[in-house]
Amino acid sequence: MQDLYGREITYLRLSITDRCNLRCKYCNPEGSSNWLPHDEILSFEELVSICRAASMIGIKKIRLTGGEPLLRPDFVKLINLISEINTIEKICITTNGVLLEDFAYEIRKSGLRHINISLDTLKRDKFNYITGMDLFNKVWNGIQKVISEGFKPIKINTVIMSGINDDEILDIAGLTLDYPLNVRFIEYMPLGCRSKWDLDTVVSSQKIKEIVENTYGELTPVENSRLSGPAILYRIKNAKADIGFIAPITRHFCNICNRLRLTPEGRLRLCLFSDEEIDLKSILRSGGTQEDLRNAIEKGIIIKPARHALQQTKRHMSGIGG
Ligand code: SAM
């Protein structure tokens with residue numbers, strides 16, 4: 001289905017839990033003492049109903065995210081249930097990697113191959129500083145495990161912040177020379193009422209690209225495929241994987257935004273930066289039909305904002321589904 005601005009909406013990101021096992025400084029540093037109660041969170045059955053209704057109006061790609069999706073008990077069962085929807089062409093997952101060593105084999109068995117792992121540093125002490133947890137080695141082992149299990153593509157999502165991890169741009173870009181790891185540099189965004197965002201901490205994609213090119217030489221542009229994200233892709237000469245730049249701050253891509261988000265408690269979010277949401281859980285729990293769900297999603301697509309206002313949101317990323 002196209003929205004009012006001619007954008008084909010094909011991508012739904014499901015935040016399947018608000019819980020997380022890291023406390024990233026730029027996301028949800030304090031964690032929460034009041035996670036959503038179990039019955040507030042959509043059940044697998046409800047999530048699948050929404051995916052089915054969304055697929056009827058053209059959603060072809062689904063990403064499981066959170067919070068930390070691997071914390072949701074039995075999440076592989078959800079992957080299997082969504083895989084049964086014929087018109088869904090691609091299912092992916094975004095994880096912090098802490099539990100990947102334990103679950104990589106099971107995830108691969110489900111047929112899911114597309115995995116994004118968030119990693120902002122290659123240093124154990126800095127990982128501890130950014131995430132509040134001493135778990136770098138566990139994440140790194142998880143990454144090695146998904147490589148050996150044959151996941152493809154594997155993407156590493158990195159948020160570069162000035163004075164925090166901008167000294168590691170070359171090392172992180174250099175991963176693409178040694179491993180089949182596609183690096184995505186994402187600009188730091190003002191998400192979450194508790195995160196202390198300021199423009200000076202943002203390192204622009206342009207700046208990161210310059211730093212990479214100064215050492216590794218001119219990057220070769222790579223074409224992005226259908227159903228891929230908004231990253232502008234390049235490759236270092238002789239690299240095994242590509243480097244992508246996602247620039248929501250310095251070069252917004254709202255004109256090609258093809259996505260909707262679903263919060264863990266079943267609210268359809270039309271734009272990352274807009275707190276306007278549609279309550280799909282109420283429809284589900286008041287006996288609504290697939291048709292009712294479909295109509296509500298269609299209504300959401302119609303009011304999807306033309307572009308983001310880059311404002312502080314009420315929710316932090318872990319409650320939206322980054
Ligand atoms: N727990 C999973 C993970 O860490 O990948 C999934 C949820 S996490 C909220 C998804 C992504 O959002 C991560 O890659 C994280 O770096 C990104 N993120 C969170 N807050 C952000 C912010 N303020 N700016 C840019 N990216 C952010």
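Q: What does buried mean when relative accessible area is given for a residue?
A: A residue is called buried under 20% relative accessible area, exposed over 50% and partly exposed in between, with a 1.4 Å probe and protein chains only. This is a predicted model, in which local features need pLDDT of at least 70 and side-chain atom pairs count only at pLDDT 80 or more, while totals for chains, interfaces and linings use all residues. Residues are numbered from 1 along each chain as its sequence is written, and side-chain values use heavy atoms, with hydrogens and water left out. Here Cys271 counts as buried because its relative accessibility is 12%, whereas Val222, at 27%, is partly exposed.

Q: How many disulfides does the structure hold?
A: A disulfide is a pair of cysteine sulfur atoms within 2.5 Å. The structure holds zero disulfides. For Cys257, which is in no disulfide, the nearest cysteine sulfur belongs to Cys254 and is 6.7 Å away. Cys271 is likewise unpaired, and its nearest cysteine sulfur, also that of Cys254, is 6.2 Å away. Cys257 has a relative accessibility of 16% and therefore counts as buried.

Q: What span should the 13 residues of helix α1 have at 1.5 Å a residue?
A: Helices (H or I, at least four residues) and strands (E, at least two) are DSSP runs numbered from the N terminus, and the expected span of a helix is 1.5 Å times one less than its number of residues. For α1, residues 44–56, the expected value is 18 Å, and the end C-alpha atoms are 18 Å apart, so the two agree. For α5, residues 136–149, there are 14 residues with an expected span of 20 Å, and its end C-alpha atoms are 20 Å apart, which agrees. Just after α1, Gly58 takes a positive phi of about 110°, and just after α5, Gly150 takes a positive phi of about 85°.

Q: Which elements do the buried residues of α1 pack against?
A: Packing is read from contact, which means heavy atoms within 4.5 Å. Ten of the 13 residues of α1 are buried, so this helix is largely enclosed by the rest of the structure; among the buried ones are Phe44, Leu47, Ile50 and Cys51. They pack against β1 (11–15), β2 (61–65), α2 (75–83), β10 (259–262), α8 (280–285) and α9 (290–302). In α5 the buried residues include Phe136, Trp140 and Ile143, and the partners of its buried residues include α3 (100–110), β4 (114–118) and β5.

Q: Where is Val222, and which residues does Val222 touch?
A: Val222 is in strand β7 (residues 220–222). Leaving out residues up to four places away in sequence, Val222 touches Leu233, Tyr234, Arg235 and Asp242.

Q: How many residues surround the ligand, and which are the closest?
A: A residue is near a molecule if one of its heavy atoms lies within 4 Å of it. The ligand is surrounded by 17 residues, of which Tyr26, Gly67, Glu68, Ser118 and Met189 are the closest.

Q: Which polar side-chain atom lies 2.5 Å from an oxygen atom of the ligand?
A: A polar contact is a pair of N or O atoms within 3.5 Å; within protein, one must be able to donate a hydrogen and the other to accept it, and residues adjacent in sequence count only if both atoms are side-chain atoms. A polar side-chain atom of Glu68 lies 3.0 Å from a ligand nitrogen atom, and the 2.5 Å pair with a ligand oxygen atom uses a polar side-chain atom of Ser118. Accessible areas come from the Shrake-Rupley method with a 1.4 Å probe, and for residues only the protein chains shown count as cover; the ligand taken alone exposes 540 Å², and the protein buries 95% of that. β3 (90–95) and β5 (154–160) are the elements that give two or more residues to the shell around the ligand.
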